[in-house]
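Visitor: Could you take me on a close look at the sheet in this structure? I am new to this, so please go step by step.

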Amino acid sequence: MTDPDQPTQASGSAGDSDQPPPLIDRHAVQYLDRVRAIFRPTSTDELEPGLERFIGREDIFRHVGKADMASHGEQPMMQCPSHWPNGVTWVPICDLEILEILDDQDVRAG
């Protein structure tokens, strides 16, 4: 009687496409790396005007440095896309759900 249940479980777990891929560790993002990420701010009460429409939207960001955030200490910061509102240039990496680290085309001679 257990034989019919086991193949169903095995095929169900092997073909389970509803599970999202695991998130990329934010610590894996290095200085000047570009990432494909979704903007999901941890605190929506501190949003700059005009950013509400970008919540949940996928965009390309670049890790450009660190900044001292009053409530969270020093945070890695990501450069916002140019089509975001004027005055909004960086967001903390903790506000992004990183989907993929992209190859960076910025080659610097050493």
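Guide: Happy to; we will start with the whole chain, walk across the sheet, and then visit the core, the pocket and two loops.

Please keep in mind that this is a predicted model. The protein chain has 110 residues, and 29% of them count as buried. It contains 1 helix and 5 strands, and if you read along the sequence you meet them in the pattern α-β-β-β-β-β.

Now to the sheet itself. The 5 strands form an open sheet, with antiparallel pairing, and their order across it is E4-E3-E2-E1-E5. Notice who stands at the edges: E4 and E5 each have a single partner strand, so one side of each is left without a neighbour in the sheet. From one strand to the next, the twist averages 45°.

Let us go through some of the pairings. Strand E1 covers residues 34-39 and strand E2 covers residues 58-69; the two run antiparallel and are joined over 5 bridges. To find this pairing on your screen, look for Val35, which stands opposite Phe61 in E2. E1 also pairs with strand E5, residues 96-102, again in the antiparallel sense, this time over 6 bridges. Here a handy landmark is Ala37, whose bridge partner in E5 is Ile98. Moving the other way from E1, we come back to E2, which pairs with E3 in the antiparallel sense over 7 bridges. In that pairing, His63 stands opposite Met78 in E3.

Two residues from this walk turn up again in the largest nonpolar core. That core has 15 residues, and those touching the most other members are Phe61, Met78, Trp84, Val91 and Leu96. The elements that give two or more residues to the core are E1 and E5, and E1 gives the most, with 3 residues. This is a good place for a general idea: in soluble globular proteins, nonpolar side chains tend to be buried together.

Next comes the largest pocket, with a volume of about 360 Å³. It is lined by 22 residues, and the closest to its centre are Glu46, Met69, Val91, Pro92 and Asp95. Strand E3 (73-79) and strand E4 (90-92) are the elements that give two or more residues to this lining. E4 gives the most, with 3 residues. Sorted by class, the lining has 12 nonpolar, 7 polar and 3 charged residues. You may recognise Val91, named among the core residues with the most contacts and also among the residues closest to the pocket centre.

Asp95 leads us to our first loop. Although Thr42 and Asp95 are 53 residues apart along the chain, their C-alpha atoms are separated by 5.6 Å. Thr42 lies in the loop between E1 and E2. Its relative accessibility is 55%, and exposed means over 50%, so Thr42 counts as exposed.

Our last stop is Leu32, in the loop between helix H1 (5-14) and E1. Leu32 has a relative accessibility of 16%, which is under the 20% limit, so this residue counts as buried. Its backbone is worth a look too: phi of Leu32 is near 70°, a positive value in a residue other than glycine. For background, most residues other than glycine have a negative phi.

Methods: Residues are numbered from 1 along each chain as its sequence is written. This is a predicted model: local features need pLDDT of at least 70, side-chain atom pairs count only at pLDDT 80 or more; totals for chains, interfaces and linings use all residues. Side-chain values use heavy atoms; hydrogens and water are left out. On a 1 Å grid over the protein atoms alone, a cavity is a set of points where a 1.4 Å probe fits but cannot get out, and a pocket is an open set with protein on both sides within 12 Å along at least five of seven lines; lining residues have an atom within 4 Å of a point. Grid points are joined across faces, edges and corners, and a volume is the space filled by probe spheres set on the points. Helices (H or I, at least four residues) and strands (E, at least two) are DSSP runs, numbered from the N terminus. Ala, Val, Leu, Ile, Met, Phe, Trp, Tyr, Cys and Pro count as nonpolar, Asp, Glu, Lys and Arg as charged, and the others, Gly among them, as polar. Two strands pair if DSSP finds at least two bridges between them. Axes are lines fitted to C-alpha atoms, for helices over the stretch in contact, and angles run from 0 to 180 degrees between N-to-C directions. A nonpolar core is a set of buried Ala, Val, Leu, Ile, Met, Phe, Trp, Tyr and Cys residues joined through side-chain atoms within 4.5 Å. Buried means under 20% relative accessible area, exposed over 50%, partly exposed in between (1.4 Å probe, protein chains only).
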